[in-house]
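This report goes through one protein chain, from its overall make-up to its cores, charged pairs and helices. Keep the structure open while reading.

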Amino acid sequence: MRLTSIVKKLTVVLTLWLALVTVVNASNSIESVRIWPAPENTRIVFDLSEKPDFKYFSLKSPQRLVIDFKNSKNNAELMSAIKADRRVQKIRTSRSKQKGTTRLVLELAEDYRVSVFPLAPAGQYSDRLVIDLYDKNSQPIATHDNSKGKRDIVIAIVAGHGGEDPGSIGASGTYEKRITLKIAQKLANLINKKQGLKAVMIRSGDYYVDHNRKTELARKSKADLLISIHADAFTSSKPSGASVLVQATRRADSEFTRWIQNREKNSELLGGAGETIRSTKDNNLAIALGDMKKEYTMASSYDFAEHVVKQLKKVTKLHKHKPERLSLAVLKSSDIPSVLIETGFISNHQEERRLNNSNHQQKLAKAIYIAVDDYFSRNPPDGTLLAATRIREHKVSRGESLSVVAQRYKVSIRQLKSANNLKSNVVRIGQTLKIPQAD
């Protein structure tokens, strides 16, 4: 009995010692955990000292996600990261059968689509393991018709970066993601004050939205235009000034090729031509129609970009005096005119201070808004309030009478006289008439 008791005690001591040695010699460690809630998903980020070696699986009743970090120890305060997130209810440790493995359990509110992947060190961050929880029944962004039965023109605004992606960081510690959100919010407020325009914020808080998801959300909102707001950076502090970027021709052609190959799925992106593209057996016809749409989108993007450059140069220095073409993921849509606006260099000390200034942010937002207003006043999409209320003008030529002008624009003489405050039917050559909308 005595010998057996001694053996048992030695076994316990040896087990505890081996466990201690395993923890001490663990090559990796979980240093912290961060949670970024978003409207449609939550991102959980585990910061590690080295590249993670991991496995994961899900359990039901209750819903849990289990992650095993091999040869690792946990130094993170797990519950401190959970604030008001509705998806993650608790993060705790659990016992793993494999020695040297740290098992973490995420207790979830319901069943989510899960994506788990490692990220290599970048900027201020070390190795990371990222977990994205996506709502299975995410709702599209709602759009509304106005009181006159005509739809608003929708502008999708993307505040660059967000969440665990801070973007560029200025010398004074300014995060690009915070500057872009503030300018985007100011721009949205200006747009929403204009009858006939509606802003949709693709990112309304401090969270990350995947590039593909940005265009998906813009498309769900039936956006007529996508504006992505950024702040530039360089290895030197010397460069300064704003720039406006549009998609490079080669990138646009490459995206279009992939898009047209799956045309049955994507035909709804082309409006009236979509059904023809989907159903036709003539590949050449499908490609021709799709290419026309792509070319129109690219031309519209560049046209709007020129409007933005014109307005920005009134409130800030320009780095590029013409729109520049670059290969950018956020601008890849073949059906939505899209631009990326670099509002200045956050790596430049003076511009970093200006970009942090609320008044300067407002000036930048106002310049972009004026470009939006001017562009769509000249190019209102069919079926919108701006198209219905746009004031057209006609300069009277030799041989034209009031009745001829009325017939040409399919309006009555009474409407013409009322719109131009005319007391008689007499008009003179060179006179400019305002053309009202037909009854």
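## Terms and overview

A salt bridge here is a side-chain nitrogen of Lys or Arg within 4 Å of a carboxyl oxygen of Asp or Glu. With that cut-off, the side chains of D224 and R151 meet in a salt bridge, at 2.8 Å from N to O. The model is predicted.

The protein chain has 439 residues, and 48% of them count as buried. Its secondary structure comes to 12 helices and 17 strands. The accessible surface is about 23,500 Å², with 50% belonging to carbon and sulfur atoms. Take the contacts between residues at least 6 apart in sequence: 68% of them join residues at least 24 apart.

## Two nonpolar cores

The largest nonpolar core holds 41 residues. Which residues have the most contacts inside it? They are I155, I227 and L312. Both strands and helices give two or more residues to this core. The strands are β10 (153–159), β11 (197–201), β12 (225–232), β13 (243–247) and β15 (338–345). The helices are α2 (176–192), α7 (283–312) and α9 (358–378). The largest share, 9 residues, comes from α9.

I155 shows how these parts meet. Leaving aside residues up to four places away in sequence, I155 touches I191, L197, K198, A199, V200, L225, I227, V372 and F376. A second, separate core has 24 residues, including L48, F69, L106 and L129.

## Salt bridges across the chain

The whole structure contains 18 salt bridges. Side chains of opposite charge can pair when their charged atoms come close. One of the salt bridges joins the side chains of R213 and E40, at 2.5 Å from N to O. R213 sits in helix α3 (residues 211–220), and E40 in the loop between β1 (28–37) and β2 (41–48). The two are 173 residues apart, so the pair links distant parts of the chain. Both R213 and E40 are buried.

D132 forms a salt bridge with R43, and their closest N and O atoms are 2.8 Å apart. D132 belongs to strand β9 (residues 127–134), R43 to strand β2, and 89 residues separate them. D132 is buried, with a relative accessible area of 2%. R43 has 12% relative accessibility and also counts as buried, because the cut-off is under 20%.

Now back to D224 and R151. D224 lies in the loop between α3 and β12, and R151 in the loop between β9 and β10. The pair therefore ties together parts that are 73 residues apart in sequence. Are these two residues buried or partly exposed? D224 counts as buried, at 16% relative accessibility. R151 is partly exposed, with a relative accessible area of 27%.

Some salt bridges share partners. They join R34, R43, D47, R128, D132 and E164 into one network.

## Helices α2 and α9

α2 has 17 residues. From its first C-alpha to its last it reaches 24 Å, close to the 24 Å expected at 1.5 Å a residue. The helix is mostly covered, with 12 of its 17 residues buried. Among them are I179, I183, L187 and I191. An α-helix has 3.6 residues a turn, so residues three or four places apart point the same way.

α9 has 21 residues and reaches 30 Å, close to the 30 Å expected at 1.5 Å a residue. Its buried residues include L364, I368, V372 and F376. Polar and charged residues are buried in α9 as well, among them H360, Q361 and D373. At the start of α9, a side-chain oxygen of N357 reaches to within 2.9 Å of the backbone nitrogen of N359.

## The surroundings of R87

Where does R87 lie? Its place is in the loop between β5 (72–74) and β6 (88–94). R87 is buried, with a relative accessible area of 1%.

A polar contact of 2.8 Å joins the side chains of R87 and T42. Residues up to four places away in sequence aside, R87 touches A38, P39, E40, N41, T42, E107, L108, A109, Y112, L133 and D135. E40 in this list is also the salt-bridge partner of R213.

Methods: Residues numbered from 1 in each chain as written. Predicted model: local features only at pLDDT ≥ 70, side-chain atom pairs only at ≥ 80, totals over all residues. Heavy atoms only, no water. Core = buried A, V, L, I, M, F, W, Y, C linked by side-chain atoms within 4.5 Å. Buried < 20%, exposed > 50% of the residue type's maximum accessible area, 1.4 Å probe, protein only. Helix = DSSP H or I, 4+ residues; strand = E, 2+ residues; numbered from the N terminus. Contact = heavy atoms within 4.5 Å. Areas by Shrake-Rupley, 256 points an atom, 1.4 Å probe, with all protein chains shown as cover. Expected span 1.5 Å × (residues − 1). Polar contact = N/O pair within 3.5 Å; in protein donor to acceptor, adjacent residues only side chain to side chain.
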